[in-house]
Amino acid sequence: MASRRILTIDNAADLAVLKQVSAPVERVDDTLRALMDEMLETMYAAPGIGLAAVQVGEPVRVIVMDLGDREATPDTEEQAAAVRRPAYYVNPEIIWSSDETAPYEEGCLSVPEIYEEVDRPARVKLRYLNSQGEQVEEEADGLFAVCIQHEMDHLQGVLFIDHLSRLKRDRSIAKVKKAAKAA
Ligand code: NI
């Protein structure tokens, strides 16, 4: 399995890809599963808890997430693997969302080192295909709800900073560009 480069907003070519609306997946097959495994490896290495395919330059409606035991402090690669709970979402749709919203301080691997509070529906109901191509309906709340809505935004070319005020958004972009230049 290969790790992929994560696209970031400081790079104009990357940003153009991140702004694309991702295309629906036609078939969940071994090629798609290989992409999802690469996405997971990339996400674990970053490290992060969610990744949309467009973030590795593949604008298709695929998300991987792992909200497994976040309190665990594995010492070895084996222990790290044992606490992993990878989840796969193909062609996800939100079929219901709560009127009640909740704030959460979000970050994004494509917007490195920026953390800002975003309000989103506190609970959502999802419909998606899993890694075997089976249709699943599931309700999400807490961090799961935050993460899946953040990742689904990526499929529409929307970044979490697009939910901020113009001032905060511009400031975030400037910070990412400055940090990239310094690196
Ligand atoms: Ni993100």
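Is cysteine 108 buried or exposed? I started with this one, and the answer is that cysteine 108 is buried, at a relative accessible area of 10%. A reminder to myself before going on: this is a predicted model.

**Entry 1: the nickel site**

I looked up which protein atoms hold the nickel ion. The donors are Cys108 through SG, and His150 and His154 through NE2, at 2.1 to 2.3 Å from the ion. Read along the chain, these donors give the spacing C-x41-H-x3-H. Cysteine 108 belongs to strand S4 (residues 101-108) and histidine 150 to helix H4 (residues 142-155), so this pair ties together parts that lie 42 residues apart in sequence. I checked the burial of histidine 150 as well: its relative accessible area is 6%, and it is buried. The cut-off for buried is under 20%, so the 6% of histidine 150 qualifies.

**Entry 2: the hairpin that carries cysteine 108**

Next I followed S4 to its partner. S4 pairs with strand S5 (residues 111-121) in the antiparallel sense, over 7 bridges. The two strands, S4 and S5, make a hairpin with 2 residues between them. To fix the register I noted one bridge: proline 103 has aspartate 119 in S5 as its partner.

While in S5 I stopped at glutamate 113, which lies in that strand. Its phi is positive, about 70°, although the residue is not a glycine. Is glutamate 113 buried or exposed? With 66% relative accessibility, glutamate 113 counts as exposed.

**Entry 3: a buried charge in H4**

Back in helix H4, I looked at glutamate 151, which has its place there. I found glutamate 151 buried and without a salt bridge. Which side chain of opposite charge is nearest to glutamate 151? That is arginine 120, 8.5 Å away. A salt bridge requires a distance within 4 Å, so arginine 120 at 8.5 Å does not make one with glutamate 151. I then listed what glutamate 151 touches beyond four places in sequence: Gly50, Leu51, Ala52, Gln55, Ile63 and Met65.

**Entry 4: the sheet and its helices**

Those contacts sent me to the sheet. I traced an open sheet of 5 strands in the order S1-S2-S3-S6-S7, with antiparallel pairing. Its edge strands are S1 and strand S7 (135-140), each of which pairs on one side only. From one strand to the next the twist averages 40°.

For S1 and strand S2 (residues 62-66) I noted antiparallel pairing over 3 bridges. In that pairing, alanine 52 has isoleucine 63 of S2 as its bridge partner. Helix H2 packs on the sheet and touches S1, S2 and S3, with its direction at about 45° to that of S2. Helix H4 packs on the sheet too, touching S1, S2, S3, strand S6 (124-129) and S7, and its direction makes about 155° with that of S2.

**Entry 5: backbone oddities**

Last, I went through the backbone angles. Most residues other than glycine have a negative phi, and most peptide bonds are trans. Where is the cis peptide bond that I noted? It joins alanine 46 and proline 47, with omega at about -5°. Proline 47 sits in the loop between helix H2 (30-45) and strand S1 (50-52).

I also marked asparagine 91, a residue other than glycine whose phi is positive, near 50°. Asparagine 91 is part of strand S3 (residues 86-97).

Notes:
Residues numbered from 1 in each chain as written. Predicted model: local features only at pLDDT ≥ 70, side-chain atom pairs only at ≥ 80, totals over all residues. Heavy atoms only, no water. Donors = N, O, S within 2.8 Å, 3.2 Å for Na, K, Ca; no water. Helix = DSSP H or I, 4+ residues; strand = E, 2+ residues; numbered from the N terminus. Buried < 20%, exposed > 50% of the residue type's maximum accessible area, 1.4 Å probe, protein only. Pairing = 2+ DSSP bridges. Lys, Arg positive; Asp, Glu negative; His and termini not counted. Contact = heavy atoms within 4.5 Å. Axes fitted to C-alpha atoms, helices over the stretch in contact; angles between N-to-C directions.
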